[in-house]
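Please open the structure in the viewer and keep the sequence at hand. The tour proceeds from one selection to the next and states what is found at each stop.

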Amino acid sequence: WTPEYFEDMDNENYEKLDRDIDRIFRLILIGALLLMLFGRELGLLLADSKYHVALGVVPIVVFGYIFEALWQLWGRNIGYARKTIWAPIISFIAGSANIALNAIFIPLYGYVAGAYTTVASYMLMAFMGWAVSRYIVHLHTTPMSIILKPLVLLVIFNIFVLAIASIGWGIWIMIGIKTLLFCLFCVTMMGRYLPSILKIAVVN
């Protein structure tokens, strides 16, 4: 996608650029939800039993990496503008925040706090990348609304899954429900792009 990014920026084809980022981000969210829903089951199958106690933080860690991906999307403008000095500054600030939060919360809440502090540092890094792109290097920056709408939907799906899981149904029932919800999420995320995807498939 990188060559297309540079082409769109050079030609100021920002509408296409935003569509591409929207599509890429929705695919990232689909992959993230897959790991959030089934990461524990995969861990139970593949990981040594001594690591099973930590599987509960998998959804939190995955959620953090969503913001790391956003940093890659928004931070790309910093490289395009040749203002790469901002990349290490942002990384240093986010890393320092992570260290400080770990020092405060891990002694109080244990290793679980480390997952939440990592999410916080990645969020900080992503939004600093957005702010630098928009307000300092003054390049077209994909609107926050394009990112927040599907992200909020991901959070809603996860809250719904947690609510169902609290009922205490068996593992196979839960896997079935998670599978149905995942399929619904995929259709919801990519529904607007299905006509173009099908058109490409037919042409090929």
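**First stop: the salt bridges of helix H2**

Select Glu-15, which is exposed because its relative accessible area is 60%, above the cut-off of 50%. Please bear in mind that this is a predicted model. Now add Arg-19 to the selection: its side chain meets that of Glu-15 in a salt bridge, with 3.6 Å from N to O. The two residues are four apart in helix H2, so about one helical turn separates them. Arg-19 is partly exposed, with a relative accessible area of 39%.

Next, select Lys-16 and Glu-4. Their side chains also form a salt bridge, at 3.2 Å from N to O. This pair links distant parts of the chain, since Lys-16 belongs to helix H2 (residues 14-46) and Glu-4 to helix H1 (residues 2-10), twelve residues apart. Both residues are partly exposed: Lys-16 has a relative accessible area of 23%, and Glu-4 has one of 39%.

Keep Lys-16 selected and add Asp-8. A salt bridge joins these two residues as well, with the closest N and O atoms 3.3 Å apart. Is Asp-8 buried or exposed? Asp-8 is buried, because its relative accessible area is 4%, and the limit for a buried residue is under 20%. To view the wider network of salt bridges, select Glu-4, Asp-8, Lys-16, Asp-20 and Arg-23 together. In total, the model contains six salt bridges.

**Second stop: the aromatic rings**

Select Phe-63, Phe-67, Trp-74, Phe-127, Trp-130 and Tyr-135, which ring pairs link into a cluster. The count of aromatic pairs comes to eleven. Then select Arg-76 and Tyr-5: the charged end of Arg-76 sits over the ring of Tyr-5, 5.6 Å from the ring centre.

**Third stop: a nonpolar patch**

Show the surface and select Ile-85, Ile-89, Phe-92, Ile-93 and Leu-124. These residues form a nonpolar patch with about 460 Å² of accessible area together. Helix H4 (residues 86-109) provides the largest share of the patch, three residues. Ile-85 lies in the loop between helix H3 (58-80) and H4, and counts as exposed because its relative accessibility is 56%.

**Last stop: the whole protein**

Finally, select every residue and display the secondary structure. How many helices and strands are there? The protein has eight helices and zero strands. Its C-alpha atoms fill a box of roughly 55 × 50 × 25 Å along the principal axes. Of the 204 residues, 35% count as buried. The accessible surface comes to about 11,900 Å², and 70% of this area belongs to carbon and sulfur atoms.

Definitions and conventions:
Residues numbered from 1 in each chain as written. Predicted model: local features only at pLDDT ≥ 70, side-chain atom pairs only at ≥ 80, totals over all residues. Heavy atoms only, no water. Patch = residues over 30% accessible without salt bridge, like charges linked within 9 Å, V, L, I, M, F, W, Y side chains within 5 Å. Areas by Shrake-Rupley, 256 points an atom, 1.4 Å probe, with all protein chains shown as cover. Salt bridge = Lys/Arg side-chain N within 4 Å of Asp/Glu carboxyl O. Buried < 20%, exposed > 50% of the residue type's maximum accessible area, 1.4 Å probe, protein only. Phe/Tyr/Trp six-rings, centres within 6.5 Å; stacked < 30°, edge-to-face > 60°. Lys NZ or Arg CZ within 6 Å of the ring centre and 35° of its normal.
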